[in-house]
Amino acid sequence: MSRKPSPARRPAVKPKRRAQQPKKKQANVLDLAVAALPVSEATLHKITVWGITGLAVASALGVATLFGVPGIIGTAVAEGIGRAGFRVENVEVGGIKRADKETVFDYAFGPKSQAMPLVDLEEVRGKLMTIGWVADARVSRRMPDTLVVQIVERKAAAVWQHQGQLMLIDSEGVLLEPVSAEAMPDLPLVIGDGAYAQQPAYQQLLDAAPALKPLVKAATWIGNRRWDLSFNTGERLALPEGEAAAAKALKKFAELDGADRLLGRGYLKFDMRDPSRLVVRMPGQAAPRQIETASVTE
């Protein structure tokens, strides 16, 4: 029995699967926050790199300090950091109106090494504090290459006259800068050797008689012990020694002036060095006239 060859079987065809669409990645909160920043990705990348580098530098210096790395090695490391780009290239100064800017920049750029880790901020601040106009200063680093200096200036409160020279001073008696007679501001004048150092005590003296304060044109420090006051109306008032005695005498003089209008009546000088009496001198008067003021010492 012959067997016919069975017909060839067709290979089974597997059904084609549909290609799956890639799932859309949902943006998380961090991605949305980054996308909202007003900077490009390239700028953001630079900021990140500098931040990581700065953190690494700070960590290296901290570890070196913690383990007592010898100074020469620490300096070498700092110089290497400076060569990597962390050097003082810019100085930003704020708060200056009267102080000399060139002096401020000279002090900020002063250190021999300009590597940022080697800049002694306290040393720079100490130099800035020697400038007369500077009441306070703050110095900080802004990586990679900028020192930021913020100045608080003093305010001129009076003019000190001594040996023909004029100098601006503040309310604490700190010498600020010379001034010419032509450019002299409308400020109280204090005269005499060491008068500038008495400025705080002088301000307290005037506070004892606020009504007279705007009438005082100048004050002369006599013999390093007491004040003579000169008024806008031309008179001169001699006060006793001692802060308390001088304040009481000035207060009493203000009371007398308020009652009898002593100023502006042609008197030359009032003498209250003896607090119990007021001595008055008139032009052409042979002998001064005395007015008893015993209540001054009460």
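**Exercise 1.** By class, how many nonpolar, polar and charged residues does the lining of the largest pocket have?

*Solution.* The model is predicted. Start with the space: the largest pocket holds about 190 Å³. Next, take its lining, which counts 15 residues. Ala201, Trp227, Gly242, Glu243 and Ala246 lie nearest the centre. Now sort the lining by class: nine residues are nonpolar, three are polar and three are charged.

**Exercise 2.** Find which element gives the most residues to the lining of the largest pocket.

*Solution.* List the elements that give two or more residues to this lining: α6 (199–207), β9 (226–231) and α7 (243–260). Then pick out the top contributor. α6 gives the most, with four residues.

**Exercise 3.** Work out how the buried residues of α6 are arranged around its axis.

*Solution.* First, name them: Gln199, Ala201, Tyr202, Leu205 and Leu206 are the buried residues of α6. Look down the helix axis. These residues fall within an arc of 160 degrees, so they line one face of the helix. Last, identify their packing partners: β4 (156–162), β5, β7 (189–191), β8 (216–222), β9 and α7.

**Exercise 4.** Decide whether Asp170 is buried or exposed, and describe its surroundings.

*Solution.* Place Asp170 first: it sits in strand β5 (residues 165–170). Its relative accessible area is 4%. Buried means under 20%, so Asp170 is buried. Now check its side chain, which makes a polar contact with the side chain of Arg154 at 3.1 Å. Leaving out residues up to four places away in sequence, Asp170 touches Arg154, Lys155, Ala156, Ala157, Leu176 and Gln199. Of these, Gln199 is one of the buried residues of α6.

Key. Residues numbered from 1 in each chain as written. Predicted model: local features only at pLDDT ≥ 70, side-chain atom pairs only at ≥ 80, totals over all residues. Heavy atoms only, no water. 1 Å grid on protein atoms, 1.4 Å probe; cavity = no way out; pocket = protein on both sides within 12 Å on 5 of 7 lines; lining within 4 Å. Points joined across faces, edges and corners; volume = space filled by probe spheres on them. Nonpolar A, V, L, I, M, F, W, Y, C, P; charged D, E, K, R; others polar. Buried < 20%, exposed > 50% of the residue type's maximum accessible area, 1.4 Å probe, protein only. Polar contact = N/O pair within 3.5 Å; in protein donor to acceptor, adjacent residues only side chain to side chain. Contact = heavy atoms within 4.5 Å. Arc of directions from axis to C-beta.
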